[in-house]
Amino acid sequence: MNTARMIIIFLILGLLSQFYAFAEQPFKLEAKEGFYQFPFFDTKTPVWSYNDQIPGPLIQGKVGTTLVIDFVNGLKEPSSVHWHGLRIENAMDGVPGVTQDAVEPGNNFIYRLKLEDAGTFWYHPHFNSSEQLERGLKGVFIVEEAEKLPWSRDLIWLMDDWLLQRDGTIFPQFNTGHDLMHDGRWGNVPTINAQFRPEFTVKPGERIRLRMINGANARIFSPHMDGLSANVIAVDGRPVTEIFPLDRFVLSPGNRIDLDITIPENAGGEIFAVEDRFTREAFQMASIKVNRLEPVNPPKFHPPTAKNFIPAQMFEKVKVEKTWDLNAIRGGKFGIGWTMNQKLWPDADKVDYPLGVPRKIIFKNSSSRLHPMHIHGVFFRVLERNGKKATEQFTRDTVLVGPRESVTIGFVPEHPGIWLTHCHIQEHAEAGMMTTIEVKN
Ligand code: C2O
Ligand code: CU
Ligand code: CU
């Protein structure tokens, strides 16, 4: 064998062993204190982050595979990681006191995630969450389809808002009386991927999959694209039953949507504004700038739909099993408590369900505040609002229950374990608005 060939063989062996080592190595995710530079301040803002990144690193894996994530807690207080929306083994769900012990400072926890559903998910702590998320701990988790569609571009927008003070620091009081009496902590700086009003440049003719994730503590977004038509192809990490145009969709904390947007071939040089229209005064979140390059041919394909996934008909003969009344009381650790059936977590009104039997639950909001209710580890379908049929053409893991509104949902418990169920306004959850659904084999 000549030396050149030897060298090539050594190189190949070297590459193989590296890849092998990489495959064996869990992905390290470390929460720690750090700094982040916002454009409006001379000084950096102290934050808590994963791997020194704001937002945390994008975690990606293929459907059907198992990701191993070594979470290291470099904070000065306990923490954990919850994989919002993923259907996984209960022991990996990341809820201290329910599925695991909190990870103490300096300790680690290995999460093994078997990826069951392709789609858009996210991760965040589940300990002192109103403060830990607000200080910056969150990231996007994408489960890739077995077969990739020929999108021209995949954009990921983690939407958030920050409550910043003039000196560039994060407003340091959490769970204030104001937050608790209202809809949680709303910030003064809305961001996408931690950027204020970013501009995204695309080519004419491109077909874009835009994934929007609401990672805010409390703010609700209703995204509007001025001049562009966008179709909703997935909600909360699953393809919809029927594709529909984006029009006043309410993206509450926890929710995700995947959009299918084709940039018109003659749009070279245009700038499209993306606004939030949930509040009375619309504000610009971002813009999409179309460059003047040669238009590309928009790729032609049909995004997948999920027609048979927990269809509404499945629940026609099912009786309502449980009603959770959502309201506030005086008391609890902050003086104002948010209750489900008059009870505060951990002294909650919990339920036990057998595996595989379709269930109906009503979230009945007796308050005049907003409650985006989230269930871990399942997808559910909204069937009725205020007692009237209102079947949605998609499933969710989080639904906004508006003031005095009642929402009836249907789902099938498919994984045994104890699944947390709570308001995703972090301040409401911290103030007691949590319970569990225990699924038994
Ligand atoms: Cu984003 Cu308990 O969840
Ligand atoms: Cu969750
Ligand atoms: Cu709430």
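**How the labels are earned**

Student: Arg153 counts as partly exposed, at 27% relative accessibility. Why does Arg153 get that label?

Tutor: Buried means under 20% relative accessible area, exposed means over 50%, and partly exposed is what lies in between (1.4 Å probe, protein chains only). Arg153 has 27%, so it falls in between and counts as partly exposed. Keep in mind that this is a predicted model, where local features need pLDDT of at least 70 and side-chain atom pairs count only at pLDDT 80 or more, while totals for chains, interfaces and linings use all residues. Residues are numbered from 1 along each chain as its sequence is written, chains are lettered from A and ligands numbered from 1 in the order in which they are written, and side-chain values use heavy atoms, with hydrogens and water left out.

Student: What makes the contact between Arg153 and Glu206 a salt bridge?

Tutor: The term needs a side-chain nitrogen of Lys or Arg within 4 Å of a carboxyl oxygen of Asp or Glu. Here the N to O distance is 2.8 Å, so the pair qualifies. Arg153 sits in strand β9 (residues 153-162) and Glu206 in the loop between β11 and β12 (207-214), so the bridge ties together parts that are 53 residues apart in sequence. Glu206 has a relative accessible area of 4%, so it is buried.

Student: How many salt bridges does the structure hold?

Tutor: There are 32 of them. One of them joins Glu116 and Arg87 at 3.6 Å, N to O. Glu116 lies in the loop between β6 (108-114) and β7 (119-124), Arg87 in the loop between β5 and β6, so this pair ties together parts 29 residues apart in sequence. Both belong to a network of salt bridges with Asp117, Arg238 and Glu414.

Student: Why is Arg87 called buried, and why is Glu116 called partly exposed?

Tutor: Arg87 has 7%, which is under 20%, so it is buried. Glu116 has 37%, so it lands between the two limits.

Student: What makes His82 and His374 ligands of the copper ion?

Tutor: Donors are N, O and S atoms within 2.8 Å of the metal (3.2 Å for Na, K and Ca); water is not among the atoms, so sites may look incomplete. Both histidines offer NE2, at 1.9 to 2.0 Å from the copper ion (ligand 2), so they pass. They come from distant parts of the chain: His82 is in strand β5 (residues 82-84) and His374 in strand β23 (residues 371-375), 292 residues apart. His82 is buried at 1%, and His374 is buried at 0%.

Student: What does it take to call something a strand, and how do you know that β17 and β18 pair?

Tutor: Strands (E, at least two residues) and helices (H or I, at least four) are DSSP runs, numbered from the N terminus. Two strands pair if DSSP finds at least two bridges between them. Strands β17 (residues 271-276) and β18 (residues 283-290) have 6 bridges in the antiparallel sense, so they count as a pair. In β18, Ala286 is the bridge partner of Val274.

Student: Which sheet holds β17 and β18?

Tutor: An open one of 4 strands, ordered β11-β18-β17-β13, with mixed pairing. β11 (199-202) and β13 (223-225) are at the edges, each with a single partner strand, so one side of each has no neighbour in the sheet.

Student: Why is Gln342 called exposed?

Tutor: Gln342 has 55%, which is over 50%, so it is exposed. Gln342 also has a positive phi of about 65 degrees although it is not a glycine.
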